[in-house]
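Reader: I am new to this structure and would like to understand how its descriptions are justified. Could you take me through the reasoning step by step?

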Amino acid sequence: MSARRNILNKLRAGLAGTTPRPDDFDEGLVTRPWQYAPEDRITRLRSLMEAVHTEIHQLTCAEWPAKVQELLEHRGLKNLLYAPGTDHGQTLSEHWQQSNAAPELLAYDRPIEEWKEELFWQVDASVTGTVGGIAATGSLVLWPDRHEPRLMSLLPPLHIALLKASEVEDNLYGMMQKQNWSAGLPTNLLLVSGPSKTADIEQVLAYGAHGPKELVVLILEDA
Amino acid sequence: MSQRIPVKELTDSFRGRAVGALVDDQLRTNFRVAMDSLMQKRADAFPDEEEREGLRELGNHIKARALSQLPDLLEQLEAKLTENGIKVHWAETTEEANRIVHSIIEAKKGSQVVKGKSMVSEEMEMNDYLAERNIECLESDMGEYIVQLDGEKPSHIIMPAIHKNRFQVSKLFHDKLGVDETEDVNELIQIGRRTLRQKFLEADVGVSGVNFAIAETGTLLLVENEGNGRMSTTAPPVHIAVTGIEKVVENLRDVVPLLSLLTRSALGQPITTYVNMISGPRKPDELDGPEEVHLVLLDNGRSGAFADAQLRQTLNCIRCGACMNHCPVYTRVGGHTYGEVYPGPIGKIITPHMVGLHKVPDHPSASSLCGACGEVCPVKIPIPEMLQRLRQENVKSPAEQPKVKDGGAKYSRKERAIWRFWARLNTSPVFYRLFLWGATRFGKLAPKNVGPWTENHSAPVPARRSLHDLAKAHLNQGDQR
């Protein structure tokens, strides 16, 4: 613990006789330039996310499970990772049973250690929910929990995310305030603003560096 | 046609490496193209000057406020992280930090480590330290991976492999990984993806840096585009984050403007693909995520910079790299010329505190003081002012007690004596006229070799008539007309 004491002592000596600077945070600087009419929020989010190769569809709550099926079948994918403990996971599995969909449904219902290799190499796609979207930066907010673990949105080459149109906020500051983030955060809160990408070679943009190669956002207009 | 000089072989001084870099056409083209593009991207990301300047001012105030209560915030951060289940470690030196990281890995009997991009781990030379102890520590950021594979160090803090083009990467992958050569950047990235995914799967420990550590909530925030940061911090059973003590901010809301400044200044992006906010290890009922999360807080000279109110501003830095993207010196000599972890303008003002001015005596003077770095800095660090201050510290005599580690590295009694003579000459009219009289008559005796000046220029020869003399003659002519 001597390192801790030494560092803190040195820092305190440097501050001797001074007082902390006042908190003059002006929230207008991070909100005023990033405000949109309600009907423009989705347009803004769409244009930013599409600019970084995100595929976006606007549809209704009744339509989305069939759209997921279509997205998978169109690509010829063989399986789909889902969260059985969530409402949307339930809806999806009901649709799958009724429609006799071909791709296999894989439930993320056991600890990663039990099927790590399979999760890393064998899963083609996943569906997760979001807790909202941010118009200013074109971002999704993911709040992983025990039902919908963190790696669901990272390992599969195709990630399909559900976004309720009513949960799109103007900007990050507004989102933080509305959901009262400072009162309690999950173990891993994520903002996702497109498929994984890199420009590390000659600044040429390439998608699918380590995370999903494709991100599809289904905006649920009546939710 | 100049010969390509591999950067890694140039191990002498800044000056020697600069000469080598300047004749390397490939290197200069790679940097020129990249920096032009990064400057344009930043400019496009800040179309509204008023908005930009307001945000920079706010960013500066947030960092200054955090530094003005740094010890308290570090304690608060530690308490909050501990409450969240993250273990906090403190290290004064890079050696101590390496020991801590090693002991955590050893306790888990780990042999494979994957690392997300972390400049602090570069400061620690963690890869080498662990390799010597038979632990593989693999870089997972594409650029860092390329650089590591070639036995090099990053040449840019955001774009580590910016000095290489696709052909060089293709050849490297072919030589080291045994894959076919390809000029397709997408294919090159997919080779990296496949190779590294297996490593993420096998790794015992993931190491990452931290962009902002939030005291209020006990949260570590990381930004990235690739997903390697999320992989490194989520897939292995243990996650170790390493960061400098200056990365703490007071509140969650403070990161809103800083995040915007960071990604727009660095890459011209409104936000990175991923913003990864870690506030704890896996909970008992969760199905993935590391079971252990550690944070190592490293000093490594930062408290030395902190001790001086002016130099403390160096610690405002949020590591966006905009200063190097806009630096005419960096663009021409490249990142490796600096010979240390942090290149460019920020490297010139932070490195002396870490390694001492004896090791980097040319750092403060390798600048034209054009001011571009200070103009673009998102947290308004007056970099040119810092450079001038370091120049002063660099030539102080031991009696003048330099304020920077190994200050006085360039102190020279001869130079000091010459300046004293110069000052005396210009403050004493009698002495001045006497000297002028001598200089105009015995100019041929002037030294033919005046240091670095005569390496590239002919030596100055005093005129036979002084300006005073000529002016006097001119005025007399006017009187006669």
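Author: Let us begin with a term: a polar contact is a pair of N or O atoms within 3.5 Å, and within protein one of them must be able to donate a hydrogen and the other to accept it. In this model, which is predicted, the count between chain B and chain A is 48 residue pairs in polar contact, both residues being at pLDDT 80 or more.

Reader: Which helix gives the most to the side of chain B that touches chain A?

Author: That is helix α10 of chain B, residues 185-202, which gives twelve residues. By class, the side of chain B that touches chain A has 48 nonpolar, 27 polar and 28 charged residues.

Reader: How many residues of each chain are in contact, and what area is buried between chain B and chain A?

Author: Contact joins 103 residues of chain B with 78 residues of chain A. The area buried between the two chains is about 7,800 Å², and carbon and sulfur atoms give 60% of that area.

Reader: Why is the pair R12(A) and D72(B) called a salt bridge?

Author: The rule asks for a side-chain nitrogen of Lys or Arg within 4 Å of a carboxyl oxygen of Asp or Glu. The side chains of R12(A) and D72(B) meet at 2.8 Å, N to O, so the pair satisfies the rule. Across the interface of chain B and chain A the rule finds eleven salt bridges.

Reader: Which helices pack at an angle of about 145° with their axes 8 Å apart?

Author: They are helix α1 of chain A (residues 2-14) and helix α4 of chain B (residues 70-84). On the side of α1(A), R4(A), L8(A), L11(A) and R12(A) take part, and they meet L70(B), P71(B), D72(B), L74(B), E75(B) and E78(B) in α4(B). The residues of this contact divide into five nonpolar, no polar and five charged.

Reader: What makes β9(A) and β9(B) a pair of strands?

Author: Two strands pair if at least two bridges are found between them. Strand β9 of chain A (residues 188-192) and strand β9 of chain B (residues 274-278) share five bridges in the antiparallel sense, so they count as paired. Along this pairing, L189(A) stands opposite M277(B).

Reader: Which strands stand at the edges of the open sheet of eight strands, and why is one side of each left without a neighbour?

Author: The order is β8(A)-β5(A)-β6(A)-β9(A)-β9(B)-β6(B)-β5(B)-β8(B), with mixed pairing. At the edges stand β8 of chain A (168-169) and β8 of chain B (248-249), and because each has a single partner strand, one side of each is left without a neighbour in the sheet.

Reader: What is the strand order in the open sheet of six strands in chain B, and how are they paired?

Author: The order is β1-β10-β7-β4-β2-β3, and the pairing is parallel. Here β1 (86-91) and β3 (136-139) of chain B stand at the edges, each with a single partner strand, so one side of each has no neighbour in the sheet. The twist averages 20° from one strand to the next.

Reader: How do you know that K78(A) and D124(A) form a salt bridge?

Author: Their closest N and O atoms are 3.6 Å apart, and the cut-off is 4 Å, so the pair qualifies. K78(A) lies in the loop between α4 and β2 of chain A and D124(A) in the loop between α6 and β4 of chain A, so the pair ties together parts that are 46 residues apart in sequence.

Conventions: Residues numbered from 1 in each chain as written. Chains lettered and ligands numbered in written order. Predicted model: local features only at pLDDT ≥ 70, side-chain atom pairs only at ≥ 80, totals over all residues. Heavy atoms only, no water. Contact = heavy atoms within 4.5 Å. Buried area = accessible area lost by both parts, 1.4 Å probe. Polar contact = N/O pair within 3.5 Å; in protein donor to acceptor, adjacent residues only side chain to side chain. Helix = DSSP H or I, 4+ residues; strand = E, 2+ residues; numbered from the N terminus. Nonpolar A, V, L, I, M, F, W, Y, C, P; charged D, E, K, R; others polar. Axes fitted to C-alpha atoms, helices over the stretch in contact; angles between N-to-C directions.
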